[in-house]
Amino acid sequence: MAKIIGGIGTSHVPTIGVAYDKGKQQDPAWAPLFQGYEPVAKWLAEKQADVLVFFYNDHATTFFFDMYPTFALGVGESFPIADEGAGLRPLPPIRGDVALQAHIAESLVNDEFDITVFQDKPIDHGCASPLPLLWPHKPDWPGTVVPIAINVLQYPLPTGRRCYRLGQAVRRAIESYPEDLRVVVVGTGGLSHQIHGERTGYNDEAWDREFLDLLEHQPEKLTELKHVDYVARGGAESVEQIMWLSMRGAMGPRIKRLHLNYYLATTTAMTVALYEEDAA
């Protein structure tokens, strides 16, 4: 059977992809970010992960406000990487596993998640900015991706509790898949940040640290927060944190953090955290 072997929480700042493509890995301003991902990439290589399930959001690249799904799952052999204005990135298309993706889609619907299914749609920085920091891409990616897009842009948004339960449903889907696959679940999005209005540039490191602690030890408390609570504590765009709850929901009740890198250099803390389930 397929098995979830770990979880990753990561920012998906678009400038990460730009800096990566321009070879700024050793630049003093960027090195703390890129170095923070190296232990996670090493862990993925050592564990020989077959699949990354990405909970991410589309930034009006593929989905638009005239039809923006609450939850959308990609099914396809490959997905192009979106050109978001900086030109086509020198990365191969993201590989998919149609059998696994279709199984998860069917399992989620039977688990009463009425999801949208998409094919052949570009994937933007919500997934593509951290992906090459986690996996090598030459000559191709070493495994496949299951992209699950979550609406954190157009209200009404799914609640944090609903995202947490989505993760639990994805776990049930994966564990019912008959092929032996090593799966890692990835929750993406910024922590505290706001990029418009009177609080542009807002951050709250104390809330970021509290969120990370609760995510690890008491995720149910985070599911009790309303969207306005996330916005008040962390800024308008910090509502993206509910996507981390989908990753956490797909993990077991007890987890342990193996690695954390928190680097606040721009509008949001560029963060990556690695978790395994705690057998104890």
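**Close-up 1. Salt bridge between R254 and D278.** In this predicted model, R254 and D278 form a salt bridge in which the closest N and O atoms are 3.7 Å apart. R254 belongs to the loop between α10 (242-249) and β9, while D278 belongs to the segment after β10, so the contact ties together parts that are 24 residues apart in sequence. D278 has a relative accessibility of 24% and therefore counts as partly exposed. A search of the whole structure finds nine salt bridges, and further examples appear in the views that follow.

**Close-up 2. Salt bridge between E276 and K47.** The side chains of E276 and K47 meet in a salt bridge, with a distance of 3.7 Å from N to O. This pair links distant parts of the chain, since E276 is in strand β10 and K47 is in helix α2 (residues 31-47), 229 residues apart. The two partners can also be described by their accessibility. E276 is buried, with a relative accessible area of 15%. K47 counts as partly exposed because its relative accessibility is 37%, and partly exposed residues lie between the limits of 20% and 50%.

**Close-up 3. Salt bridge within helix α6 and its network.** E175 forms a salt bridge with R171, and their closest N and O atoms are 3.2 Å apart. Both residues are in helix α6 (residues 160-175); they are four residues apart, so about one helical turn separates them. E175 is partly exposed, at 37% relative accessibility. R171, at 19%, counts as buried, because the term buried applies under 20% relative accessible area. Together with E277, the residues R171 and E175 are joined into one network by salt bridges that share partners.

**Close-up 4. Strand β10 and its antiparallel partners.** Strand β10 comprises residues 269-277 and is mostly covered, with eight of its nine residues buried. Strand β9 (residues 255-264) pairs with β10 in the antiparallel sense over nine bridges. Within this pairing, A273 in β10 is the bridge partner of L260. A hairpin of four residues joins β9 to β10. Strand β1 (residues 3-10) also runs antiparallel to β10, and four bridges join these two strands. Here G7 stands opposite Y275 in β10.

**Close-up 5. Strand β1 and its parallel partner β8.** Seven of the eight residues of β1 are buried, so this strand is largely enclosed by the rest of the structure. Strand β8 (residues 182-188) runs parallel to β1, and seven bridges join the two. One pair of facing residues is I4 and V183, the latter in β8. Strand β1 is thus paired in the parallel sense with β8 and in the antiparallel sense with β10.

**Close-up 6. Helix α10.** This helix is mostly covered, and eight of its eight residues are buried. The buried residues of α10 are I242, M243, W244, L245, S246, M247, R248 and G249. The loop that lies between α10 and β9 contains R254, whose salt bridge with D278 is shown in the opening view.

**Close-up 7. A positive surface patch.** R161, R162, R165 and K226 form a positive patch on the surface. K226 is found in the loop between α8 (219-223) and α9 (227-234). With a relative accessible area of 58%, K226 is exposed, because the term exposed applies over 50%.

**Close-up 8. H196 in the loop after β8.** H196 is placed in the loop between β8 and α7 (205-217). At 43% relative accessibility, H196 counts as partly exposed. In sequence, H196 and W141 are 55 residues apart, and in space they are 35 Å apart from C-alpha to C-alpha.

Key:
Residues are numbered from 1 along each chain as its sequence is written. This is a predicted model: local features need pLDDT of at least 70, side-chain atom pairs count only at pLDDT 80 or more; totals for chains, interfaces and linings use all residues. Side-chain values use heavy atoms; hydrogens and water are left out. Patches are made of residues with over 30% relative accessible area and no salt bridge: like charges are joined within 9 Å, nonpolar side chains (Val, Leu, Ile, Met, Phe, Trp, Tyr) within 5 Å. Accessible areas come from the Shrake-Rupley method with a 1.4 Å probe; for residues, only the protein chains shown count as cover. A salt bridge is a side-chain nitrogen of Lys or Arg within 4 Å of a carboxyl oxygen of Asp or Glu. Lys and Arg count as positive and Asp and Glu as negative; His and the chain ends are not counted. The place of a charge is taken as NZ of Lys, CZ of Arg, CG of Asp or CD of Glu. Buried means under 20% relative accessible area, exposed over 50%, partly exposed in between (1.4 Å probe, protein chains only). Two strands pair if DSSP finds at least two bridges between them.
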